[in-house]
Amino acid sequence: MEQQVNEAVVATRAALTQASAMAVQYSFSILGAVVLLLLGWFLSRILHGWALNGLKHVRGIDTTLAHFFANALRYAILILVFVTVLGQFGVQTASIIAALGAAGLAIGLALQGTLQNIAAGIMLLVLRPFRVGEYIQTKDVSGTIIEVGLFATEMKTSDGLYLLAPNSTLWNTPVTNFSRERIRKHDLEVTVPGDRNIDDEMARLLAIAQEDPMIESVPAPQVFVDSLSDSAATLKLRYWVSTPQWFKITRDMNRRVRIAFGQKVAGPEPDAAPAG
């Protein structure tokens, strides 16, 4: 009986010694993990701020894209710190990284359309085929750009409606930007009866454009015979105007030429009014 008691005491002492050693060991591990997490958190905040400020000073980098890259750097650091902390407790980090990779692949396949919009948004923000305030047109949508986000682009149509277009639809299709260039061309056609002097009519049509101070002198306005038949000749006036004033000036020229020639003016109508 006494021997059993002694064995129990010895076993208890050994268990307490082992527990004390483990407590000391894990106390240092927990303390080190807490310190590492705090350092990683502060480091991620500092690097996030540096990256954000640095990217904002890079020419051509949009604010949305700068925030995206800065946040990606911060979360990458936090994930690395978390995996390192788990490694201090004896957790096999290789299996965790493999699991994270598998989970990332599964999430990527599930969110394939969303990731495609993000990739398109990054390319739009980097290459900048259009900016806020510019009027664009694609095969499916048209309007003035309000904001270019990572997932979608906000637009306002010419009739005042709100339009949200996924970035992939704007990236995978040709985009016509009506506001990017400083000046824009307009062609205006006039039909002249065959009994009139074509040279005189061409000079009269050219004088109307040259007298308008809003029409660009370089390139200079041009008048030429676009088509000719026995009964009539079609004259075309080609001139360039400032892009913000394009819609107003072309409508005014249509009215003035119609009054001067006493007829309805034929000419290609604008696909869209450029943003002012």
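Helix H7 is followed by Gly 262, whose phi is positive, near 65 degrees. Helices here are DSSP runs of H or I with at least four residues, strands are DSSP runs of E with at least two, and both are numbered from the N terminus. The model is a predicted one, so local features need pLDDT of at least 70, side-chain atom pairs count only at pLDDT 80 or more, and totals for chains, interfaces and linings use all residues. Residues are numbered from 1 along each chain as its sequence is written, and side-chain values use heavy atoms, with hydrogens and water left out.

First, the overall picture. The protein chain has seven helices and eight strands. Of its 276 residues, 31% count as buried; buried means under 20% relative accessible area, exposed means over 50%, and partly exposed lies in between, with a 1.4 Å probe and protein chains only. Among contacts between residues at least 6 apart in sequence, 64% join residues at least 24 apart, where contact means heavy atoms within 4.5 Å.

Back to H7, which covers residues 246–261. At 1.5 Å a residue, its 16 residues should span 22 Å, and the end C-alpha atoms are indeed 22 Å apart, which agrees. (The expected span is 1.5 Å times one less than the number of residues.) The buried residues of H7 are Trp 246, Ile 249, Thr 250, Met 253, Asn 254, Val 257 and Phe 261. They cover an arc of only 140 degrees around the axis, which puts them on the same side of H7; the arc is that of the directions from the helix axis to the C-beta atoms. Turned away from that buried side is a face carrying the exposed residues Lys 248 and Ile 259. What covers the buried residues includes strand S6, helix H6 and strand S8.

Next comes the helix partner. Two packed helices are described by the angle between their axes and the distance between the axes. H6 and H7 pack at an angle of about 145 degrees, with their axes 11 Å apart. Here the axes are lines fitted to C-alpha atoms, for helices over the stretch in contact, and angles run from 0 to 180 degrees between N-to-C directions. H6 passes H7 in a right-handed crossing: a crossing is right-handed if the near helix is turned clockwise from the far one by less than a right angle, and left-handed if anticlockwise. On the H6 side of the meeting are Glu 201, Arg 204, Leu 205, Ile 208 and Ala 209, and on the H7 side are Met 253, Arg 256, Val 257, Ala 260 and Phe 261.

Strand S8 also helps to cover H7. S8 takes in residues 232–242 and is mostly covered itself, with eight of its 11 residues buried. Two strands pair if DSSP finds at least two bridges between them. S8 pairs with S6 (residues 183–193) in the antiparallel sense over 11 bridges, and Lys 236 in S8 is the bridge partner of Glu 189. S8 also pairs with S7 (residues 222–228), again antiparallel, over six bridges. In this second pairing, Val 225 has Leu 235 in S8 as its bridge partner. S7 and S8 form a hairpin with three residues between them.

Is Leu 228, in strand S7, buried or exposed? Leu 228 is exposed, with a relative accessible area of 61%. Leaving aside its neighbours within four places in sequence, Leu 228 touches Ile 198 and Ala 233. Its C-alpha atom is separated by 9.6 Å from that of Val 192, 36 residues apart along the chain.

The other strands to look at belong to an open sheet of five, with the order S4-S3-S2-S1-S5 and antiparallel pairing. Its edge strands are S4 (162–166) and S5 (176–177), each of which pairs on one side only. S2 (residues 142–148) and S3 (residues 152–156) run antiparallel and are joined by four bridges, with Glu 147 standing opposite Glu 154 in S3. S3 and S4 pair in the antiparallel sense over five bridges, and Ala 165 in S4 is the bridge partner of Thr 153. These two strands form a hairpin with five residues between them, and Gly 160 in the turn has a positive phi of about 85 degrees. Val 148 is found in S2 and counts as buried at 9% relative accessibility. The C-alpha atoms of Val 148 and Asn 167, 19 residues apart along the chain, are separated by 8.4 Å.
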